[in-house]
Amino acid sequence: MKRSPTVFEQSVYDLVSKIPTGKVVTYAAMARALDCGSAQAIGQALKRNPFAPEVPCHRVIKTDLTIGGYAGKTDGAKLKKKFSLLSGEGVEFDREGGLLDPLTVHDFK
DNA sequence: CGCAGATGGCTAG
DNA sequence: CTAGCCATCTGCG
């Protein structure tokens with residue numbers, strides 16, 4: 001199923017791909033950077049992620065600075081993996097999925 | 001604090 | 001064009 005990534009999706013992947021290692025972004029931040037105002041669309045684009053491992057969707061968290069979900073789920077063993085990945089990049093989360101350092105959130109502004 | 005509704009854009013038919 | 005989807009967000013009880 002070849003999906004033709006829309007300009008909107010490409011922008012999302014481009015932003016995610018621009019996230020420096022050891023930092024994360026919130027859906028709202030990307031939506032704001034894209035000037036679309038919808039984090040839902042971002043979530044879908046990331047879930048569809050045609051650019052899979054090239055676009056680290058695990059660096060995208062909710063606006064509440066929480067992990068939110070991953071791989072299309074809000075919980076699961078994948079989340080645990082996410083903790084390890086982010087932790088290895090310098091991003092530490094609480095066992096509840098909350099970001100310990102708010103400075104870890106990248107800013108597209 | 002918890003749930004339901006509204007939101008904005010994507011995919012499929 | 002219409003209907004359903006989603007990893008959300010906001011408001012209300």
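How do the residues of the surface near DNA strand B divide into nonpolar, polar and charged? In this predicted model, that surface holds 4 nonpolar, 5 polar and 2 charged residues. A total of 11 residues surround DNA strand B. The closest are Phe8, Glu9, Ser38, Gln40 and Gln44.

The contacts with DNA strand B involve both backbone and bases of the nucleic acid. Of the strand B atoms within 4 Å of the protein, 62% belong to sugar or phosphate. The rest belong to bases. Thr6 faces a phosphate: a polar atom of its side chain lies 3.3 Å from a phosphate oxygen of DNA strand B. Gln40 meets a base instead, with a polar side-chain atom 2.6 Å from a base oxygen of the strand. Ala41 uses its backbone, where an N or O atom lies 3.4 Å from a base nitrogen of DNA strand B. Two elements, helix H1 (7–17) and H3, each give two or more residues to this surface. H3 gives the most, with 3 residues.

DNA strand C is surrounded by 13 residues. Tyr27, Gln40, Leu46, Lys47 and Thr63 are the closest. Gln40 is thus listed among the closest residues for DNA strand B and for DNA strand C. Sugar and phosphate make up 53% of the strand C atoms that come within 4 Å of the protein. The surface near DNA strand C divides into 4 nonpolar, 7 polar and 2 charged residues. Its largest share, 6 residues, comes from H3.

Individual contacts with DNA strand C reach bases and a phosphate. A backbone N or O atom of Leu46 lies 2.7 Å from a base nitrogen of the strand. For Lys47, a polar backbone atom is 2.5 Å from a base nitrogen of DNA strand C. Lys62 contributes its side chain: an N or O atom there is 3.5 Å from a phosphate oxygen of DNA strand C.

The protein also has pockets. The largest has a volume of about 420 Å³. It is lined by 19 residues, and those closest to its centre are Lys47, Cys57, Tyr70, Ala71 and Gly72. Lys47 therefore appears in two settings, by the pocket centre and beside DNA strand C. Helix H3 (residues 39–48) gives the most to the lining, with 3 residues. The lining divides into 9 nonpolar, 7 polar and 3 charged residues.

Cysteines were examined next. The count comes to 0 disulfides. Why is Cys36 without such a bond? The sulfur of Cys36 is 18 Å from the closest cysteine sulfur, in Cys57, which is too far for a bond. Cys57 is likewise in no disulfide, with the sulfur of Cys36 as its nearest cysteine sulfur. Cys36 counts as partly exposed, because its relative accessibility is 28%.

Two buried residues lie in unlike settings. Val25 belongs to strand E1 (residues 25–26). It counts as buried, because its relative accessibility is 0%. The C-alpha atoms of Val25 and Ser38 are separated by 14 Å, and the two residues are 13 apart along the chain. His58 sits in the loop between H3 and strand E2 (60–61). His58 is also buried, with a relative accessible area of 9%. A polar contact of 3.4 Å joins its side chain to that of Glu89.

Two residues other than glycine have a positive phi. For Asp35, phi is near 60 degrees. Asp35 lies in the loop between helix H2 (27–34) and H3. Is Asp35 buried or exposed? Asp35 is exposed, with a relative accessible area of 68%. For Leu65, phi is near 65 degrees, again a positive value in a residue other than glycine. Leu65 lies in the loop between E2 and helix H4 (77–89). At 27% relative accessibility, Leu65 counts as partly exposed.

Technical notes:
Residues are numbered from 1 along each chain as its sequence is written. Chains are lettered from A and ligands numbered from 1 in the order in which they are written. This is a predicted model: local features need pLDDT of at least 70, side-chain atom pairs count only at pLDDT 80 or more; totals for chains, interfaces and linings use all residues. Side-chain values use heavy atoms; hydrogens and water are left out. On a 1 Å grid over the protein atoms alone, a cavity is a set of points where a 1.4 Å probe fits but cannot get out, and a pocket is an open set with protein on both sides within 12 Å along at least five of seven lines; lining residues have an atom within 4 Å of a point. Grid points are joined across faces, edges and corners, and a volume is the space filled by probe spheres set on the points. Helices (H or I, at least four residues) and strands (E, at least two) are DSSP runs, numbered from the N terminus. Ala, Val, Leu, Ile, Met, Phe, Trp, Tyr, Cys and Pro count as nonpolar, Asp, Glu, Lys and Arg as charged, and the others, Gly among them, as polar. A residue is near a molecule or strand if one of its heavy atoms lies within 4 Å of it. A polar contact is a pair of N or O atoms within 3.5 Å; within protein, one must be able to donate a hydrogen and the other to accept it, and residues adjacent in sequence count only if both atoms are side-chain atoms. A disulfide is a pair of cysteine sulfur atoms within 2.5 Å. Buried means under 20% relative accessible area, exposed over 50%, partly exposed in between (1.4 Å probe, protein chains only).
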